[in-house]
Amino acid sequence: MNMSQLETLLTISKTMSFRKAGELLNLTQPAVSAQIKSLEDEFKTILIDRNQPVTLTDHGQVFLEHAERILDIVEELKQKLDDLNQTPQGHITLGTTSSIAIQILPRVLSYFQNQYPQIKTTIHTMPSSQVMASVENGSVDVGITYLTEKTPSIASSVLYYDTFELVVSPDHPMSTLTHTTVDKLKDIPMIMLAPDTLGRRFVDAIFRKYNIVPNIVMELSSSEEIKRMVEIDLGAAIVSKLSIPSELKRGTLKLIKVHELETTHPVGVVYKSGKYLNTAMMQFLSDLRGMPEHQFISSE
């Protein structure tokens, strides 16, 4: 048994095809078949049901679980060996919301990558509610998201505080207001975040508290999509204050203060507790924690 055979089995489990696995691994289909046959002969069992689509047998599923653990151990070994080099290097996969990726990360990453050009960063955007789960299941190394509750398996540090604000287009009937109250929102068309986002859960809780049933005309998965709809006056919305400085500066959105929404929400960096941190991760986390709050919330 060798690492190449394990990687081949893992790739087949994902692609459900010998041909597609071969394309991803730069192997011919006969070479893929030979690797799997060699494993099956060595362990005297059938790992793959070769009917279409290709699937793992029960024995194959058990084998795959152990293969993934072995590959993770080998990857950790490679990282530890790389860390013997004094220069921070490596790869970081970061998960966050589209608004944070657009508004916050450019300032953070431009500094970080100038200082440490050998550290590469991949960013995956997702709804806020998925960031913690992605960190926990290992699909991302680090997350930046709203911190709503403590989880034993997740380590976190607060970076800055955000609020949610009511915004309308300059053509909206409420655009001349600077302040309003939450009860005034019950009859106006509202564009809302999707129900599985943390921002939506906060807004829903506020509406429930004041016995308001909002007039929801549209639900979207990100604040960036919502802002575009509000700009063309399809409705009002409640979004992160830190997602709207550009639109406020251009005058394409108007902010209206709502007293009942004036709650601060911590935004922080999260990663899996007990996870081995290579030099890239340690340097990234250290730099994030050391940045003053104004570095994140500045509108410049």
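Glu23 and Arg19 sit four residues apart in helix α2, so about one helical turn separates them. Their side chains meet in a salt bridge, 2.9 Å from N to O. By salt bridge we mean a side-chain nitrogen of Lys or Arg within 4 Å of a carboxyl oxygen of Asp or Glu. Side chains of opposite charge can pair when their charged atoms come close. Helices (H or I, at least four residues) and strands (E, at least two) are DSSP runs, numbered from the N terminus.

A quick word on what you're looking at: this is a predicted model, where local features need pLDDT of at least 70 and side-chain atom pairs count only at pLDDT 80 or more, while totals for chains, interfaces and linings use all residues. Residues are numbered from 1 along each chain as its sequence is written, and side-chain values use heavy atoms, with hydrogens and water left out.

Back to that pair. Glu23 counts as exposed, at 53% relative accessibility, and Arg19 is partly exposed, at 44%. Here, buried means under 20% relative accessible area, exposed means over 50%, and partly exposed is what lies in between (1.4 Å probe, protein chains only). Those areas come from the Shrake-Rupley method with a 1.4 Å probe, and for residues only the protein chains shown count as cover.

Now step along to helix α3. Lys37 and Asp41 both lie there, four residues apart, or about one turn of the helix. Their side chains meet in a salt bridge too, at 2.9 Å from N to O. Lys37 is partly exposed at 43% relative accessibility, and Asp41 is partly exposed at 45%.

For another pair, look much further along the chain, at helix α9 (residues 223-231), where Arg228 and Glu231 are three residues apart and thus separated by about one helical turn. The side chains of Arg228 and Glu231 form a salt bridge of 2.9 Å, N to O. Arg228 is partly exposed, with a relative accessible area of 31%, and Glu231 is partly exposed as well, at 22%. These two don't stand alone: Glu224, Lys227, Arg228, Glu231, Glu247 and Arg250 are linked in a network of salt bridges. The full count comes to 15 salt bridges.

Some charges gather without such a partner. Glu65, Glu68, Asp72, Glu75 and Asp82 form a patch of negative charge on the surface. To be in a patch, a residue needs over 30% relative accessible area and no salt bridge; like charges are joined within 9 Å, and nonpolar side chains (Val, Leu, Ile, Met, Phe, Trp, Tyr) within 5 Å. Lys and Arg count as positive and Asp and Glu as negative, while His and the chain ends are not counted. The place of a charge is taken as NZ of Lys, CZ of Arg, CG of Asp or CD of Glu. From this patch, take Glu68: this residue lies in helix α4 (residues 58-82) and is partly exposed, at 34% relative accessible area.

The loops have their own quirks. Met16 sits in the loop between α1 (3-15) and α2 (18-25), and its phi is near 60 degrees, a positive value in a residue other than glycine. Met16 is partly exposed, at 36% relative accessibility. Lys44, in the loop between α3 (29-43) and β1 (48-49), also isn't a glycine, yet has a positive phi of about 55 degrees. At 75% relative accessibility, Lys44 counts as exposed.

Next, some meetings across the sequence. Glu7, in helix α1, is partly exposed at 37% relative accessibility. Glu7 and Leu71 are 64 residues apart in sequence, but 7.8 Å apart in space, C-alpha to C-alpha. Ile191, in strand β9 (residues 189-193), is buried, with a relative accessible area of 1%. Between the C-alpha atoms of Ile191 and Leu234, 43 residues apart along the chain, the separation is 7.8 Å.

Finally, zoom out. The protein chain has twelve helices and 13 strands. Its radius of gyration is 24 Å, well over the 19 Å that the globule rule gives for 300 residues, so the chain is more spread out than a compact globule. That radius is taken over C-alpha atoms, and the globule rule is 2.2 Å times the number of residues to the power 0.38. The C-alpha trace spans about 75 × 50 × 35 Å along its principal axes. Buried residues make up 47% of the 300 residues in the chain.
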